[in-house]
Amino acid sequence: MARLNLLEETRFEKLPVSVFDNPREASLNVAHRIANLIKKKQEQNEMAVLGLATGATPIAVYAELVRLHKEEGLSFKNVITFNLDEYYPMQPNAAQSYVTFMNENLFDHIDIDKNNVNIPDGTLTLEEIPAFCLNYERKIGELGGLDIQILGIGRTGHIGFNEPGSAPNSGTRLVTLDDLTRRDAARDFGGKSFVPTKAITMGIGTIFKAREIILMAWNRKKASIIKKAVEGEISSEVPATYLQLSDHVEFILDVDAASLLTRFDTPWLVKDCIWDETLTRKAVIWLANKLQKPILKLTEDDFNNNGMAQLAVEKGPVYNINIHIFNKLQHTITGWPGGKPNADDSQRPERAEPATKRVIIFSPHPDDDVISMGGTFIRLVDQQHDVHVAYQTSGNTAVWDDDALRFVEFSIDFAQKMGLGQDALQNIYDNMRKFIEQKQPNQVDTPEIQSVKGLIRKGEAIAGARYCGLEDDHIHFMALPFYETGKNQKNPVTSKDVELTIELLQKVKPQQVFAAGDFEDPHGTHIVCFNIILAALTELRKTEAWAQECWLWMYRGAWHEFETHEIEMAVPLSPQELEKKKYAIFKHQSQKDRAVFPGDDSREFWKRAEDRNRETAKAYDDLGLAEYEAMEAFVRWKF
């Protein structure tokens, strides 16, 4: 079990933090600590009182506890549980209920006495809630308090549903949910408008009384709030900072969630470093941005006064360091994303040969290709490369119901106009409309509606790819099985998903593959699709010579851009090319104006892409490099 820097604290960290290689390793650690507590209590003939959390973060913890019960005989007969919170109002049998969550992930699979399970009641009247909350506190107190409290953390810094503004001595109570919290829950409810505005939650004061508090967080989406909670000043604006006052707390993080902590993000401020190429590049760019100076104007005093004296001594003189990093950045810029023919490619991001490359652009959703790399897509086609685009999923959950009806209405009118029979279409339409009128939040669409929505997105994708210059036989729709559930919750990836990807790769035998490396996609689809591509290429590289020579480039842009120090290929776009990219995005009409699942960013996708591409170009300009209208950025995956 790989554990990094166990309980290592720096002058920046104000509470104990343990960092693990990945969420699974971290979850196993937490699960076994809970199991050991239960066993110890059993030996003492005592009850173990657990405070439990919901959400994606503790799922692997609960899965390991279930395994320990089924395979190693861990009993939960001496366990009493109190859950942190519940939406209000909420029926216990609703799909989004935390009662349902806990039953499905833990309670239905172990031997716990259900009378020992306590979860806030989302069915109470408003008048009944105060007495319920007092009784919840009383029950915990009569049992001697919580032995251990498991926490996640929301992006507002909430623990439980203690949103910004919560008092450190607060008890169990009814609260109003922050807008960001409701946006984060939108996919579970089929839209933010269906997310309850209130919840019943344990208070911070209640949590504090636990004899042991473990806060868990995974992935980069939590990194910024973790930094505030661990290194920031105590503030009601970030309720998790109150945990700095506890002597019994530990944060359990994976590498990504810990990535913005000072010891990982800017380690030169904490300790001596091994100054390899990657860290040197990151540090010099960081320093230039901090001081708002071009790289070539950084001085020895700048290095010495900002924790980088060791770098200046080991790799200096400073001006040589600056020149080196400036040149490295300069070499990432290319107008030839497929490689420049008949050119010295020793300092270029892509190979010169073969001059004409076979390329596959994989797009998780039907619009990620043009949103994230539309300018490069067009450039590759214009430069005569053999470009294919592969849409990995149908994207059929991200179409408005009224758009689906509108397209069928058009089909009926078209059939009538052409003198074709429309009775069958009319019957399908009537059934669709009846279903939609009675549709519940997050209810799975009928197969007919799913098909219509998928076809809408397919037509838009074809229009966008054609606009970029592709012939129809170079446009591929994969409909990977993991996605086609009709639900926001997707199936696990199977060998079929990988096999379909291998088939396409074998057919094209590309020298270049582009894939979405934007793993902060709130749907989670990007990382799933990337891992499928990676599995397929890894398998092919065992036997196929062409696969061993295939380079995999990652793009971002729909949700989050690469940091400047990470970028290995930057493709500049002229004002005209940026405009053309925008028109390619416009072909995806169902995603314009207001997407079904827009994430945190309220801007339309074309506007996000335009702004981010301009921001990337400005970042290069600020560092002293050439000024461009916009840039698309890429990082090469190293096998």
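Which residues of α19 are buried? The model at hand is a predicted one, where local features need pLDDT of at least 70, side-chain atom pairs count only at pLDDT 80 or more, and totals for chains, interfaces and linings use all residues. Residues are numbered from 1 along each chain as its sequence is written, and side-chain values use heavy atoms, with hydrogens and water left out.

To take the helix then: α19 covers residues 525-540, 16 residues in total. Helices here are DSSP runs of H or I with at least four residues, strands are runs of E with at least two, and both are numbered from the N terminus. From its first C-alpha to its last, α19 reaches 23 Å, close to the 22 Å expected at 1.5 Å a residue; the expected span is 1.5 Å times one less than the number of residues. Its buried residues are Thr525, His526, Cys529, Phe530, Ile532, Ile533, Leu534, Ala536, Leu537 and Leu540. Buried means under 20% relative accessible area, exposed means over 50%, and partly exposed is anything in between, with a 1.4 Å probe and protein chains only.

On to the sheets. One open sheet has 3 strands in the order β5-β9-β8, with antiparallel pairing. Two strands count as paired if DSSP finds at least two bridges between them. At the edges sit β5 (85-88) and β8 (173-176), each pairing on one side only. Neighbouring strands of this sheet are turned by 30° against each other on average, direction ignored; the axes behind such angles are lines fitted to C-alpha atoms (for helices, over the stretch in contact), and angles run from 0 to 180 degrees between N-to-C directions.

Zooming in on β5, 4 bridges join this strand to β9 (residues 198-201), and the two run antiparallel. Asp85 has Thr201 as its bridge partner in β9, while Tyr87 stands opposite Ala199. In a regular strand the side chains alternate between the two faces of the sheet. For β5 both faces are covered: Asp85 and Tyr87 on one side, and Glu86 and Tyr88 on the other, are all buried. Right after that comes a backbone oddity, as the peptide bond from Tyr88 to Pro89 is cis, with omega near -5°. Pro89 lies in the loop between β5 and α3 (98-105).

The other open sheet to look at has 7 strands, ordered β14-β13-β12-β15-β16-β18-β17, with mixed pairing. Its edge strands are β14 (475-477) and β17 (569-573), each of which pairs on one side only. The twist averages 25° from one strand to the next. Inside this sheet, β12 and β13 (residues 386-391) pair in the parallel sense over 6 bridges, with Ala390 in β13 as the bridge partner of Phe362.

The loop between α13 (318-330) and β12 (358-363) holds Pro354, and the peptide bond leading into that residue from Glu353 is cis, with omega near -5°. Asn342 is placed in the loop between α13 and β12 too. This residue has a positive phi of about 55° although it is not a glycine, and Asn342 is exposed, with a relative accessible area of 76%. A positive phi also turns up at Asn45, near 55°, in the loop between α1 (23-43) and β3 (48-52). Asn45 is exposed as well, at 73% relative accessible area.

Finally, the empty space. On a 1 Å grid over the protein atoms alone, a cavity is a set of points where a 1.4 Å probe fits but cannot get out, whereas a pocket is an open set with protein on both sides within 12 Å along at least five of seven lines; lining residues have an atom within 4 Å of a point. Grid points are joined across faces, edges and corners, and a volume is the space filled by probe spheres set on the points.

The second largest pocket has a volume of about 290 Å³. Of its 14 lining residues, the closest to its centre are His331, Thr332, Arg348, Pro349 and Glu568. By class, the lining has 3 nonpolar, 4 polar and 7 charged residues. Here Ala, Val, Leu, Ile, Met, Phe, Trp, Tyr, Cys and Pro count as nonpolar, Asp, Glu, Lys and Arg as charged, and the others, Gly among them, as polar.

As for cavities, the count comes to 3 of 30 Å³ or more. The second largest cavity holds about 50 Å³ of space, and its lining includes Asp367, His588 and Trp606.
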